[in-house]
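Subject: Structure handover and what was found in it

Dear colleague,

Here is the structure I promised to pass on to you, with the sequence alongside. Please open it first, and then read the notes below with it in view.

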Amino acid sequence: MQAVNIRTTQNVQLEYPLAGVGERLLAFVIDLIIIGSFYLAVSAIFAVSGGELGVSAALILGIVAYLYRLVMEVLFNGQTVGKIALNIRVVKLDGSTPSVAAYFLRWLLEVIDFGITGLAVLLIILTKNGQRLGDLLAGTTVVKVKKIST
């Protein structure tokens, strides 16, 4: 199992197991299902209420759905619903909490990572820290997190 070693600003060495390609893809699929369900539910509500989902409403709805992954990672400490379900999280390689700018950069480059078929998977497999293009530029990676039992 691959792991990433992170040295914190307090000079403490932490080792996290990297999230595998399968886990990351499954988390992405879960998030896509949530986004698609949201879009379909709102469209159905418009249809049932007798209204028509116009071009501008569909565009706004699409933007809201597209922002889901960014907003979730910012608000939930590097996790979306898919990542929470699979116990994985986005972390900075220097041990600090990712900034909003880091999450934004990852999100912005999703278009390239997932738009070019197989690019994200290929980069995750080939890079030392399991990083896709957005992770490389943001200085982040995705790791497994352990559930702490209480």
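What follows goes through the salt bridges, the aromatic pairs, a nonpolar surface patch, and then the pocket and the cavity. Please keep in mind throughout that this is a predicted model.

Salt bridges

The structure holds nine salt bridges, and three of them are described here. In one, E23 is paired with K144, with 3.8 Å between the closest N and O atoms. Because E23 belongs to helix α1 (residues 21–48) and K144 to strand β4 (residues 140–144), this pair ties together parts of the chain that are 121 residues apart in sequence. E23 has a relative accessible area of 24% and is therefore partly exposed, and K144, at 25% relative accessibility, also counts as partly exposed.

R24 forms a salt bridge with D135, and here the closest N and O atoms are 2.7 Å apart. This pair too links distant parts of the chain, since R24 sits in helix α1 and D135 in helix α7 (residues 133–138), 111 residues apart. As for their surroundings, both R24 and D135 are buried.

A further salt bridge joins R69 to E110, with the closest N and O atoms 2.8 Å apart. R69 lies in helix α2 and E110 in helix α5 (residues 110–115), so this pair ties together parts that are 41 residues apart in sequence. Both R69 and E110 are buried. Beyond single pairs, salt bridges that share partners join R24, E73, K83, R106 and D135 into one network, and you may wish to display these five residues together.

Aromatic pairs

A search of the whole structure finds three aromatic pairs. One of them is formed by Y66 and W107, a tilted pair with 4.8 Å from centre to centre and 45° between the planes. The pair links distant parts of the chain, with Y66 in helix α2 and W107 in helix α4 (residues 100–108), 41 residues apart. The two partners can be told apart by their accessibility: Y66, at 37% relative accessibility, counts as partly exposed, whereas W107, with a relative accessible area of 8%, is buried.

F104 and W107 form another tilted pair, for which the centres are 5.5 Å apart and the planes are at 40°. Both of these residues lie in helix α4, three residues apart, which is about one turn of the helix. F104 has a relative accessible area of 39% and is therefore partly exposed. Taken together, Y66, F104 and W107 form one aromatic cluster.

Nonpolar surface patch

On the surface, V71, V74, L75, F76, I84 and V100 make a nonpolar patch of about 520 Å². Which helix gives the most to the nonpolar patch? That is helix α2 (residues 55–75), which contributes three residues. I84, another member of the patch, is found in helix α3 (residues 81–85), and at 38% relative accessibility I84 counts as partly exposed.

Pocket and cavity

The largest pocket encloses about 220 Å³ of space. Its lining is made by 14 residues, of which Y16, V91, G95, S96 and T97 are the closest to the centre. Strands β2 (13–17) and β3 (88–92) each supply at least two residues of this lining, and β3 gives the most, with four residues.

The structure also holds one cavity of 30 Å³ or more, and the volume of the largest cavity is about 140 Å³. Its lining comprises 14 residues, and those nearest its centre are R24, F28, R69, F114 and R132. The elements that give two or more residues to this lining are α1 and α6 (119–126), with α1 giving the most, at five residues. Two of the residues nearest the cavity centre, R24 and R69, have already appeared above, R24 as the salt-bridge partner of D135 and R69 as that of E110.

With best wishes

Terms used:
Residues are numbered from 1 along each chain as its sequence is written. This is a predicted model: local features need pLDDT of at least 70, side-chain atom pairs count only at pLDDT 80 or more; totals for chains, interfaces and linings use all residues. Side-chain values use heavy atoms; hydrogens and water are left out. Patches are made of residues with over 30% relative accessible area and no salt bridge: like charges are joined within 9 Å, nonpolar side chains (Val, Leu, Ile, Met, Phe, Trp, Tyr) within 5 Å. Accessible areas come from the Shrake-Rupley method with a 1.4 Å probe; for residues, only the protein chains shown count as cover. A salt bridge is a side-chain nitrogen of Lys or Arg within 4 Å of a carboxyl oxygen of Asp or Glu. Buried means under 20% relative accessible area, exposed over 50%, partly exposed in between (1.4 Å probe, protein chains only). Rings of Phe, Tyr and Trp (its six-membered ring) pair if their centres lie within 6.5 Å; planes under 30 degrees apart count as stacked, over 60 as edge-to-face and the rest as tilted. On a 1 Å grid over the protein atoms alone, a cavity is a set of points where a 1.4 Å probe fits but cannot get out, and a pocket is an open set with protein on both sides within 12 Å along at least five of seven lines; lining residues have an atom within 4 Å of a point. Grid points are joined across faces, edges and corners, and a volume is the space filled by probe spheres set on the points.
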